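Pull up the structure and keep it beside you as you read. We'll walk through some charged pairs, then move on to the nonpolar interior.

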Amino acid sequence: GLDGEMIDRFAEAGLNCALPYSSMALGSVKGKAHEPGQIREVLDLAEKSGLKVIFSCKDVGSSARHGLQKWHGAEGQEAIVQRVTALLKDHPALLAWYINDEQPLSQIERLTRMRRQFNQLDGDHPTVGTLYQYEDLPNYGPTCDIMGVDPYPLHGKDMKIAVTAMKQLRRTGLPRWVVPQICNLKVYYL
């Protein structure tokens with residue numbers, strides 16, 4: 001999530017960008033009905049702090065466990081994308097649309113349609129995807145404007161996974177972002 005307290009912490013730490021996975025529900029308060037206008041309020045706070053937001057629509061239209069098929073009167077991927085784009089495309093805190101987080105090859109057609117729709121509705125903000133499927137990266141070329149890889153976990157002197165990911169990423173011909181993750185997966189899986 002992203003709220004005023006988190007935005008203040010990011011600003012204090014010198015960060016200038018956030019990608020909240022729960023973007024489609026920003027501003028939700030437990031026990032209070034969520035409204036899309038609350039998202040703009042959170043982005044207003046971000047903008048006042050100089051924080052840019054990569055807005056996550058990664059679950060929109062997905063058939064995965066957290067897939068989002070309905071959103072405040074909009075039903076289906078195209079209708080939801082149209083509604084969220086109309087809501088936010090003019091917001092100064094918006095940096096990009098995050099549309100793919102490690103989706104399988106079977107989702108390429110859906111993701112390509114989503115990218116095209118965002119590009120048509122909002123020519124000012126790119127779409128971004130991040131993948132760990134390094135050998136398949138060139139196949140994902142049509143799915144986003146900026147492609148990222150997230151090699152993890154990086155540890156010790158073994159950086160081979162990051163080098164492999166970056167080499168494969170270069171093959172896409174797209175602008176590239178690398179999201180290295182240094183973590184202890186044992187903590188995550190406890």
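Start with D145 and R115, which form a salt bridge with their closest N and O atoms 2.8 Å apart. D145 sits in the loop between β6 (127–131) and β7 (146–149), while R115 belongs to helix α4 (residues 108–121), so this pair ties together parts that are 30 residues apart in sequence. Keep in mind that you're looking at a predicted model. Are these two partners buried or exposed? D145 is buried, at a relative accessible area of 16%, and R115 counts as buried too, at 17%. Both calls follow because buried means under 20%.

How many salt bridges turn up when you search the whole structure? The answer is 3. Next, have a look at R40 and D90, whose side chains meet with 3.0 Å from N to O. R40 is in helix α2 (residues 36–48) and D90 is in the loop between α3 (77–88) and β5 (94–101), so here the bridge ties together parts that are 50 residues apart in sequence. As for their surroundings, R40 counts as partly exposed at 24% relative accessibility, whereas D90 is exposed, with 56%.

Then there's the salt bridge between the side chains of K58 and D59, at 3.2 Å from N to O. K58 counts as buried, with 11% relative accessibility. D59 is partly exposed at 21%, because the cut-off for buried is under 20%.

Now for the nonpolar side of things. The largest nonpolar core has 27 residues, and the ones with the most contacts inside it are F55, V84 and W97. Where do its residues come from? At least two apiece are supplied by α2, β2 (52–56), α3, β5 and α4. Of these, α3 gives the largest share, with 5 residues.

V84 is a handy place to zoom in. Which residues does V84 touch, if you skip those up to four places away in sequence? The list runs M24, F55, C57, W71, W97 and F118. Notice F55 and W97 in there: along with V84, they're the residues with the most contacts inside the core.

Finally, look away from that core and you'll find another one lying apart from it, made of 11 residues. Among them are Y134, L137, M147 and V149. M147 and V149 fall within β7 (146–149), the strand at one end of the loop that holds D145, which brings you back to where the tour began.

Definitions and conventions. Residues are numbered from 1 along each chain as its sequence is written. This is a predicted model: local features need pLDDT of at least 70, side-chain atom pairs count only at pLDDT 80 or more; totals for chains, interfaces and linings use all residues. Side-chain values use heavy atoms; hydrogens and water are left out. A salt bridge is a side-chain nitrogen of Lys or Arg within 4 Å of a carboxyl oxygen of Asp or Glu. Helices (H or I, at least four residues) and strands (E, at least two) are DSSP runs, numbered from the N terminus. Buried means under 20% relative accessible area, exposed over 50%, partly exposed in between (1.4 Å probe, protein chains only). A nonpolar core is a set of buried Ala, Val, Leu, Ile, Met, Phe, Trp, Tyr and Cys residues joined through side-chain atoms within 4.5 Å. Contact means heavy atoms within 4.5 Å.
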